[in-house]
Amino acid sequence: MAEDGRCLEVGFPHAYFARWFEEGIRDRFEALLSTFLGDGCSVRYRESRSNGPAPAAKSESRAVDFPFDSQFTFETFMVNKKNYFPLASAREVAKQAGTLFNPFVVCGAGGSGKSHLLRAIANEISKRHDPARILLTSMQDIQTSYEGDRIAARARLTDHDFLFVDDLHLIRNSLDLQQEMISVFNHFYDNRKQMVFTSPVTIASCDYLDPMLRSRLEWGLIVTLKQPDLEVRVNYVQERCRTKKLMLSREQMLTLAQRFHDFRYLQGILLKLTAYRELVRKELDERDFEQILNNTEEKTAEALSPRTVIAIVAEHQGVNPKDILGSRRNQNIALARQMAMFLCRDLLGLSFPALGRAFGGKDHSTVLYSVKKIDQIQQDDQSLKKVLKDLKRKCLLAGEQGSTA
């Protein structure tokens, strides 16, 4: 560890151990390390080599921040044999950004993991490059930015070295924007700057695309994620139950994985079960479990939204929900905004960029700071901890009522 405590050095006695570490547990190790060292820290890997009479060393330094949310890594991406190629391709894109597959397009139905893979690539690239040079946005946000000053909007895009765009298919809502996107594409491609896009439909099926834009998207690599199979869904349920400390039997976990095929739906039913445990009964018996499932449709994941959480926090703190979404920094408004961000993160598991969009277009670093600040304060302030617990119960109850409405 360096004297300032901001850099940790990890050494490997042989290249074999370095490769095993990189391929198996490096992502998980760095995610855990970031929780202890905090932002602005790095890790240096040193691999000893014995080539000739004097040993040589291979060294690599990487940041351990996860500016696009530490839950989105290659390590946490639940994969099966059907999706091994998209995952392996994504790893190569992150490793050789701008030089191998550009653009890289990830297609797949909702809940297949497109956004997870998008953010995992961004997180991995941020370990070697300045995160401020990485723009992770959505097609909807690009459309909104171009409603104003188009020159400024284009400059905002091209001023970055990496461009990640979620939901590319939404360009169908602004077909006049396609020529602009061709210009942006040309800038990134000509300057060997990496582009990554996601779409729930294949590029070939987007008959509304301008032929020039379509051909450019096909210059790179297009991969398609398959829907998660039963094994992957079971693993997901197990992981979420561990995180939420929800005690379900193996049979109950298997039942959930068999009945719900989409990660979003699984997240919704697990939220509902958590709400029941916290608001009605601490121990779920088989009858409770079956009753909840029988009254659940595959709209559960939409039951609790950031808007609902913001409204509940605003009412409790005596502020207007519009102020929470705005830019005012009065102490009571700033605290309410930070509390709402913390609860949205805890209850909905949204990424920091997604939370930023939900809170009126805030930068992801602002959201990250707010969530960490509230988490640190409530560890020492028992009164705030109690308030957050009460608000969480109200939010879970609202989600319960919304899913059965």
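**Exercise 1. Cavities**

Find how many cavities of 30 Å³ or more the structure holds, and describe the lining of the largest cavity.

*Solution.* The model is predicted. Step one is the count: a search of the whole structure gives three cavities of 30 Å³ or more. Step two is the volume: the largest cavity holds about 60 Å³ of space. Step three is the list of residues around the largest cavity: Leu 163, Leu 168, Met 181, Val 184, Phe 185, Met 195, Phe 197, Leu 213 and Leu 217. Step four assigns these residues to elements. Helix H7 (178-190), strand E7 (195-199) and helix H8 (211-217) are the elements that give two or more residues to this lining. The largest share, three residues, comes from H7. Step five sorts the lining by class: nine residues are nonpolar, none is polar and none is charged.

**Exercise 2. The second largest pocket**

State the volume of the second largest pocket, and work out which element gives the most to its lining.

*Solution.* The second largest pocket contains about 350 Å³ of space. Its lining has 15 residues, and those nearest the centre are Glu 22, Glu 23, Arg 91, Glu 92 and Lys 95. Two or more lining residues come from each of helix H1 (15-24), helix H2 (26-37) and helix H3 (84-95). H3 gives the most, with seven residues. By class, the lining has 10 charged residues, five nonpolar ones and no polar ones.

**Exercise 3. A salt bridge within one helix**

Glu 92 and Lys 95 line the second largest pocket; describe how their side chains meet and how accessible each residue is.

*Solution.* The side chains of Glu 92 and Lys 95 form a salt bridge, with 3.8 Å from N to O. Side chains of opposite charge can pair when their charged atoms come close. Next, place the partners: both are in helix H3, three residues apart, which is about one turn of the helix. Then read the accessibility. Buried means under 20% relative accessible area and exposed means over 50%, with partly exposed in between. Glu 92 has 27%, so it is partly exposed. Lys 95 has 47%, so it is partly exposed too.

**Exercise 4. Salt bridges between distant parts**

Take the pairs Arg 119 with Asp 166 and Arg 357 with Asp 141. For each, state where the partners lie and whether they are buried or partly exposed.

*Solution.* The whole structure has 12 salt bridges. In one of these, the side chains of Arg 119 and Asp 166 meet at 3.8 Å, N to O. Arg 119 lies in helix H4 (residues 114-125) and Asp 166 in strand E6 (residues 162-166), so this pair links distant parts of the chain, 47 residues apart. Arg 119 is buried because its relative accessibility is 4%. Asp 166, at 7%, is buried as well.

In the other pair, the side chains of Arg 357 and Asp 141 form a salt bridge at 3.6 Å, N to O. Arg 357 belongs to helix H16 (residues 352-358) and Asp 141 to helix H5 (residues 139-145), so the pair ties together parts that are 216 residues apart in sequence. Arg 357 has a relative accessibility of 29% and is partly exposed. Asp 141 is partly exposed at 28%. A further case is a network: salt bridges with shared partners join Arg 133, Asp 159 and Asp 161.

**Exercise 5. Backbone details**

Identify the geometry of the peptide bond from Asn 102 to Pro 103, then locate Asp 167 and Arg 192, which have a positive phi.

*Solution.* The bond from Asn 102 to Pro 103 is cis, with omega near 5°. Pro 103 is in the loop between H3 and strand E4 (104-107). Asp 167 is not a glycine, yet its phi is positive, about 60°. Asp 167 sits in the loop between E6 and H7 and is partly exposed, with 27% relative accessible area. Arg 192, also not a glycine, has a positive phi of about 55°. Arg 192 is in the loop between H7 and E7, and its relative accessible area of 55% makes it exposed.

**Exercise 6. A surface patch**

Name the residues that make the nonpolar surface patch of about 440 Å².

*Solution.* The patch is made by Tyr 16, Phe 17, Trp 20 and Ile 25. Of these, Tyr 16 lies in helix H1.

Conventions:
Residues numbered from 1 in each chain as written. Predicted model: local features only at pLDDT ≥ 70, side-chain atom pairs only at ≥ 80, totals over all residues. Heavy atoms only, no water. 1 Å grid on protein atoms, 1.4 Å probe; cavity = no way out; pocket = protein on both sides within 12 Å on 5 of 7 lines; lining within 4 Å. Points joined across faces, edges and corners; volume = space filled by probe spheres on them. Helix = DSSP H or I, 4+ residues; strand = E, 2+ residues; numbered from the N terminus. Nonpolar A, V, L, I, M, F, W, Y, C, P; charged D, E, K, R; others polar. Patch = residues over 30% accessible without salt bridge, like charges linked within 9 Å, V, L, I, M, F, W, Y side chains within 5 Å. Areas by Shrake-Rupley, 256 points an atom, 1.4 Å probe, with all protein chains shown as cover. Salt bridge = Lys/Arg side-chain N within 4 Å of Asp/Glu carboxyl O. Buried < 20%, exposed > 50% of the residue type's maximum accessible area, 1.4 Å probe, protein only.
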